[in-house]
Amino acid sequence: MPGARHKILGHVLSGFCHKMNRRKPLYGDCLDTPLNRCLTTFDITLLGIGHMVGAGIYVLTGTVAKNMAGPATALSFLLAGITSTLAALCYAEFGTRIPRAGSAYAYTYVSIGEFWAFIIGWNIVLEYMIGAASVARASSGYLDALLHGAISNATTSVTGELHETLLSKYPDILAFLICIIASLILAVGVKTSAYINNGLTILNLIVISLVIFLGFFYADLSNWSDIHGGFMPYGISGVLTGAATCFYAFVGFDSISASSEEAKDPTRSIPTATILSMGVVGIGYILVALALTLMVPYTQIDVDAALPKAFEAVHANWAKYAVAVGAICGMTTTLLGSLFSLPRCLYAMSADGLLFGFLSDMSNKSQIPVSNLIISGISSALIALLFDLEKLVEFMSIGTLLAYTIVSAAVIILRYRPAPPTEDRDFGIPQLESPGDREDSSATGTPGTDAGSSSSEMFEALTVGRLRPQYAWLEPLVGGRAPGTAVTSCVYVFTVATAILSAHNRLAEHKLVMWTIIPDVVLSLIIIGCLFIIWAHQQSPIRLPFRVPYVPLLPAASVMLNVELMINLNILTWARFAIWMTIGLLLYFLYGIHHSKLGEGVTGLLSRSYSGNHTGWGAVDKTSTLARRVGRLGRGSRSDDRKPIICDDELARREP
């Protein structure tokens, strides 16, 4: 009996592991969607810029400059911008491969597996929900500062103060109303809300250009002198801490990927919009940080209204009104970006069965998940009503950094994994295999090309994810495994070693003794060794509209920077994050793993893979295309394979 129990337990555990690691196969036309594909590259670019340029410019810059990095805030923004750009490039490649709602969640589901996809999706929900709440809270605080505390004083006189550590001093009713109004704007429809976002973003960019010009016009280099603490008063640690917080300012770029299921041409629009928006926003943040700390010493910055008070200090009072207009526009577009992306992520997870089914219900009129949007708006409004801005920003950053880490790692894993046989070699977009694909293509007027195509497919299947010939001496160490398995293992080891190295350096800061140097050397050698082993394997040659350059170096650098910023976050932030993840894991193991659409069996998946004009997610055919083509190659050319067994002359001779 004990042996039977062990077998049953082993079977159950193996079944759970299989479910957690099952990947979502793509079938059919990926551009087919119930959502409204109406967004142009211009719309998506301004969506990304609007989502990123808001509270970061008008609120976060002053907070980081005064409390964390001083004038070196520009370096904090530069480091956070580089980190975000590396992650953005990884997002852009996935956006061309998988033009679906859900952003990093959808990418992870296809490339790594269901469990990690749920972890990513759950963190994206946290990112967008807290992002919307924090921007609403920042907008309310900004308006309150311009009105000299009239809003907070009136609210406190009615409700009194909240004395809990995690909560704000008073319930922010204005922030609650701002979230509700933004949700109503988005409920009108995608194209209408895009027009509103475009207008507000353009106006905000004009105001930011004015701020930069006036900031350098009134610049005083003595504000960076030793009299005021110098350029880097908090040292390197202050720059790193500031970068971890400044990362909040760039998190909006993944709203570009979240919009890919509503883009007219996602394979072109997503990478173009990503690169343009990151460039504009990164340069803007750095220049605004420089202008602010050149106008006034960092010790005199008002964290509640940094730019208006700075213009008052240089006697440019008229400029603070223009800044107020830009702040309102910028924070509105950031809020719209967060509340635009949040329902799309919930919709994608619900459509896959990992969250409750009603979250994927679509409105026939506006073609948006209305019930989803209502829940998102109310949840964000309640968070904005009760919680403090600084704690919200830190809490959001950790989930975002984890999502970026896994997406960057997924790019490496997918690049060294043999492509599915149904994947289109030109664009990397999986196509549903038609019955005609299984037969002779010579009927289409291209005879004699199949043997070469099949040979190239066979060669690719044998080389991608395997050691290159010049590194065959590594075969005893990493050989004997399925293609891509060694690379996946190295990615996991690389990520863990990077996290341990970052944590060790943070704990052993300023202690250069032998026991601190030896672990650094060992971990560094492990990291370098993992990168070398990955480099020694053959990459997939699939052509895409956009591919991350210098793989695995750039995605690996993204992983290292993201992990470093995560380690520099507050320990209480990690504790709150652990609580959030515990709730998510309970939801997955009690509901998601049992209701996943991938758990309905092959028959159910195939029945949904293609029906009439509708295409969607499907399952892999048991007999792969590559296997059938290899079999045909072994039998001879395609023309020979199509010859009739008995020719017409032989039939004529047999006739009486």
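A crossing of two helices counts as right-handed if the near helix is turned clockwise from the far one by less than a right angle. That convention comes up repeatedly below, starting with helix 8, which passes helix 14 in a right-handed crossing. The model discussed here is a predicted one.

First, the overall picture. The chain has 26 helices and 2 strands. It runs to 656 residues, and 53% of them count as buried. Sequence-distant contacts make up much of the picture: taking contacts between residues at least 6 apart in sequence, 83% join residues at least 24 apart.

Now for the helix packing. Two packed helices are described by the angle between their axes and the distance between the axes. For helix 8 and helix 14, the angle is about 65° and the axes are 10 Å apart. On the helix 8 side, the residues that meet helix 14 are Ile178, Cys179, Ala182, Ser183, Ile185 and Leu186, and their partners in helix 14 are Leu335, Leu336, Leu339 and Phe340. Sorted by class, this contact of helix 8 with helix 14 comes out at 9 nonpolar residues, 1 polar and no charged.

Helix 8, which spans residues 173–186, also packs on helix 15 (residues 370–386), here at an angle of about 165° with the axes 7 Å apart. Angles over 145 degrees count as roughly antiparallel, so helix 8 is roughly antiparallel to helix 15. The crossing of helix 8 past helix 15 is right-handed. Helix 8 brings Ile173, Ala175, Phe176, Cys179, Ile180, Ser183 and Leu186 to this contact, while helix 15 supplies Leu373, Gly377, Ile378, Ser380, Ala381, Leu382, Ala384 and Leu385. The tally for the contact of helix 8 with helix 15 is 12 nonpolar and 3 polar residues, with no charged ones. Cys179, Ser183 and Leu186 of helix 8 appear in the contact with helix 15 and also in the contact with helix 14.

Helix 14 has a further neighbour in helix 13. The axes of helix 13 and helix 14 come within 7 Å and cross at roughly 165°, which makes helix 13 roughly antiparallel to helix 14. Helix 13, too, passes helix 14 in a right-handed crossing. Leu307, Pro308, Phe311 and Glu312 of helix 13 make the contact with Asn317, Ala319, Lys320 and Val323 of helix 14. Charged residues do turn up in this one: the contact of helix 13 with helix 14 divides into 5 nonpolar, 1 polar and 2 charged residues.

Next come the aromatic rings. The structure holds 20 aromatic pairs. A stacked example is Trp122 with Trp580: the ring centres are 4.5 Å apart and the planes sit at 15°, so the pair is stacked. The two tryptophans are 458 residues apart, with Trp122 in helix 6 (residues 114–146) and Trp580 in helix 22 (residues 571–595), and the pair thus links distant parts of the chain. Both Trp122 and Trp580 are buried. Another stacked pair is Phe213 with Phe217, at 6.4 Å centre to centre and 20° between the planes. Phe213 and Phe217 sit in helix 9 (residues 190–217), 4 residues apart, or about one turn of the helix. Phe213 counts as exposed, at 55% relative accessibility, and Phe217 counts as exposed at 57%. Trp122 and Trp580 also belong to an aromatic cluster, together with Phe115, Trp116, Phe118, Tyr588 and Phe589.

Finally, a few backbone details. Most residues other than glycine have a negative phi, and most peptide bonds are trans. In the loop between helix 13 (306–313) and helix 14 (317–351) lies His315, whose phi is near 65°, a positive value in a residue other than glycine. His315 counts as exposed, with 69% relative accessibility. The loop between helix 20 and helix 21 holds Tyr550, another non-glycine residue with a positive phi, this time near 55°. Tyr550 is exposed, at a relative accessible area of 63%. That loop, between helix 20 (514–535) and helix 21 (553–567), also holds Pro552. The peptide bond joining Val551 and Pro552 is cis, with omega at about 10°.

How values were computed:
Residues numbered from 1 in each chain as written. Predicted model: local features only at pLDDT ≥ 70, side-chain atom pairs only at ≥ 80, totals over all residues. Heavy atoms only, no water. Axes fitted to C-alpha atoms, helices over the stretch in contact; angles between N-to-C directions. Parallel < 35°, antiparallel > 145°, perpendicular 65-115°, else oblique. Contact = heavy atoms within 4.5 Å. Nonpolar A, V, L, I, M, F, W, Y, C, P; charged D, E, K, R; others polar. Phe/Tyr/Trp six-rings, centres within 6.5 Å; stacked < 30°, edge-to-face > 60°. Buried < 20%, exposed > 50% of the residue type's maximum accessible area, 1.4 Å probe, protein only.
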